[in-house]
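Reader: Hi! I'm new to reading structures, and I'd like a close look at just one part of this one. Could you pick a residue and walk me through its surroundings?

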Amino acid sequence: AILAVTAVCAGSDDEARRLAAPLRVAVARNRTGRRGPICTVDEALAYEFTPEERAIVEEFLTGAAIGGPTTVRDHLIALARETGADELMLSSLVPDLAARQHALETIAAAMA
């Protein structure tokens, strides 16, 4: 079984949360009918969520793996165990291609 997981990985938990800020805004906008391009990290950090948007984002990110290498690895292993998945399909939605590539490479190294 394949499990699709949103994953954002960086050098530390704090940096990963920072990189995931645009994802949070995109989820809030998409789920409330305001689709558009993914914003920058700085724009996302300045965004003020409504209580409804905050609830939508938290629900969407319940199973997401966001953090440093150890945090993400541990979360992915736990998700695979809980669901019985033998394969993970990762989506790393950050606004910069280099950051996405780095995130996926970091996760691969942590899982090896």
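Author: Sure, let's take threonine 6, which counts as buried because its relative accessibility is 15%, and buried means under 20%. Keep in mind that this is a predicted model.

Where does threonine 6 sit? It's part of strand β1, which covers residues 2-9. If you skip the neighbours within four places in sequence, threonine 6 is in contact with Leu23, Phe60, Ala64, Ala65 and Ser91.

One of those contacts, Ser91, has a second role: serine 91 is the bridge partner of threonine 6 in β3. That strand, residues 87-91, pairs with β1 in the parallel sense, over five bridges. Strand β2 (residues 65-67) pairs with β1 too, again in the parallel sense, with three bridges. Here the contact list helps again: Ala65 touches threonine 6, but as a bridge partner in β2, alanine 65 belongs to alanine 7.

Now follow Phe60, another contact of threonine 6. Helix α4 spans residues 51-60, and its buried residues include Glu53, Ile56 and Val57. Looking down the axis of α4, you'd find its buried residues within an arc of 95 degrees, so they line one face of the helix. Why can residues separated in sequence share a face? An α-helix has 3.6 residues a turn, so residues three or four places apart point the same way. Over on the other side of α4, Pro51, Ala55 and Glu59 are exposed.

And what covers the buried residues of α4? Part of that cover is α2, residues 21-31. Leu23, back on our contact list, touches threonine 6.

Conventions:
Residues numbered from 1 in each chain as written. Predicted model: local features only at pLDDT ≥ 70, side-chain atom pairs only at ≥ 80, totals over all residues. Heavy atoms only, no water. Helix = DSSP H or I, 4+ residues; strand = E, 2+ residues; numbered from the N terminus. Buried < 20%, exposed > 50% of the residue type's maximum accessible area, 1.4 Å probe, protein only. Contact = heavy atoms within 4.5 Å. Arc of directions from axis to C-beta. Pairing = 2+ DSSP bridges.
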